[in-house]
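Subject: Structure handover and notes

Hello,

Here is the structure I said I would pass on. Please open it beside this message, and then read the notes below it.

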Amino acid sequence: MGLDFGEQFDATFENALAAAGYGKFHYILVIFGGLLYAYAAISITVLSFVLPSAQCDFGMTSSDKGWLNAAPMLGMVFGSYFWGCLADTQGRKITLIGALLVDGLCGIASSVAQYYGVFLALRFINGFAVTGTLGICFPYLGEFQPTAYREKVLCWLEMFWTGGIIVLPAVAWLLIPLNLRIETPYFLYSSWNLFVTLVSVPSILLALWLTRFPESPKFLFECGEYDQALDILRQMFSANTGKEIEHYPVKSLREKPHRISIVSMTSTKSNKSILRSRKAMKALLG
């Protein structure tokens, strides 16, 4: 479904992205992004099914249950700014991997937590991490999409969110009623703990799968890394069309003319190196 641009030795990013075509690479990426978004829905709502059982094991009061429900949301408040800054300075891919690993590992750790305070703290960190997944999923997926497909693809993600909300109660219905209870003087593990463990594992699996995908070419382009962005576009072209990367019609990338600032027109320093400096990081993180 690619477009024929002929031989273009110099192209803007949007034209170069369109020249990469639309096919296998994008379909796999959309499936990955959809599963990522579905997992985010599961991670946010998992406590709704855990609370009745966990209440008995932790001996929670009404106030304790309220704080437990609020903990992930408070984590999301603090995490949104952190992950946003990290994604804009270090890249979409590495930030997404970090957020997924933190979410998954803390989720598994919370499933074996033996004290209410520890469980509460770990669910706070879960909320802190999942907001990174939510906030970066859309730009990461969207920056690979040609303009003609971008809005449609991002709308499709909402179907995966609904799918996650549907799958979670089905899994809870299968696992939580199980007659599973491992109890020692120092350790307690029951069916709801198993449920939390299993719904946390996909986060780690998605992080491992993400290592197979490239960094966002749009991010690299905006940071001045034109050669790296062009290499990724060539790989996308080859995956979508089945042709060798040498047949990709674009040979170099150029910026759109800037009409607002003379400084922005004449500056050749990589934005990436600027943003990665300690001074810039301190400014971004307040």
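How many cavities of 30 Å³ or more does the structure hold? There are 2 of them in this model, which is a predicted one. I will come back to both after a few words on the chain.

The chain as a whole

The protein chain has 286 residues, and 44% of them count as buried. Its secondary structure comes to 13 helices and 2 strands. The accessible surface is about 14,800 Å², and carbon and sulfur atoms account for 65% of that surface. Take the contacts between residues at least 6 apart in sequence: 76% of these join residues at least 24 apart.

What the record says

UniProt, in an unreviewed entry, lists residues 27–50, 70–87, 94–116, 122–141, 153–176 and 188–210 under "transmembrane region". Two of these spans can be compared with the model. Residues 153–176 are 96% helix and 0% strand, and the C-alpha atoms at the two ends lie 35 Å apart. For residues 188–210, the end C-alpha atoms are 34 Å apart, and the span is 87% helix and 13% strand.

The largest cavity

The largest cavity holds about 60 Å³ of space. Which residues line the largest cavity? They are Ser43, Ile44, Pro72, Met73, Met76, Arg123, Asn126, Gly127 and Val130. Three helices each supply at least two residues of this lining: α2 (24–45), α4 (62–90) and α6 (116–142). Helix α6 gives the largest share, with 4 residues. Sorted by class, the lining has 5 nonpolar, 3 polar and 1 charged residues.

The second largest cavity

About 40 Å³ of space lies in the second largest cavity. Its lining is made up of Tyr39, Ile42, Ser43, Val46, Arg123, Val196, Val199 and Ser200. Here α2 and α8 (191–210) are the helices that each supply at least two residues. By class, the lining comes to 5 nonpolar, 2 polar and 1 charged residues. Ser43 and Arg123 are worth finding in the viewer, since they appear in the lining of the largest cavity and also in that of the second largest.

Two residues to look at

Phenylalanine 124 is found in helix α6. Is phenylalanine 124 buried or partly exposed? It counts as partly exposed, because its relative accessibility is 29% and buried means under 20%. Leaving out residues up to four places away in sequence, phenylalanine 124 touches Ala71, Pro72, Leu74, Gly75 and Phe78. One of these, Pro72, is also in the lining of the largest cavity. Glycine 79 is 45 residues from phenylalanine 124 in sequence, while the two C-alpha atoms are 10.0 Å apart in space.

Valine 171 has its place in helix α7 (residues 147–175). With a relative accessible area of 25%, valine 171 is partly exposed. Valine 171 and phenylalanine 195 are separated by 24 residues in sequence and by 7.7 Å in space, C-alpha to C-alpha. Phenylalanine 195 lies within the range of helix α8 (191–210), so you can use this pair to find your way from α7 to α8.

Regards

Methods. Residues are numbered from 1 along each chain as its sequence is written. This is a predicted model: local features need pLDDT of at least 70, side-chain atom pairs count only at pLDDT 80 or more; totals for chains, interfaces and linings use all residues. Side-chain values use heavy atoms; hydrogens and water are left out. UniProt positions are given in the numbering used here, feature names are shortened, and annotations may be inferred rather than shown by experiment. On a 1 Å grid over the protein atoms alone, a cavity is a set of points where a 1.4 Å probe fits but cannot get out, and a pocket is an open set with protein on both sides within 12 Å along at least five of seven lines; lining residues have an atom within 4 Å of a point. Grid points are joined across faces, edges and corners, and a volume is the space filled by probe spheres set on the points. Ala, Val, Leu, Ile, Met, Phe, Trp, Tyr, Cys and Pro count as nonpolar, Asp, Glu, Lys and Arg as charged, and the others, Gly among them, as polar. Buried means under 20% relative accessible area, exposed over 50%, partly exposed in between (1.4 Å probe, protein chains only). Contact means heavy atoms within 4.5 Å. Accessible areas come from the Shrake-Rupley method with a 1.4 Å probe; for residues, only the protein chains shown count as cover.
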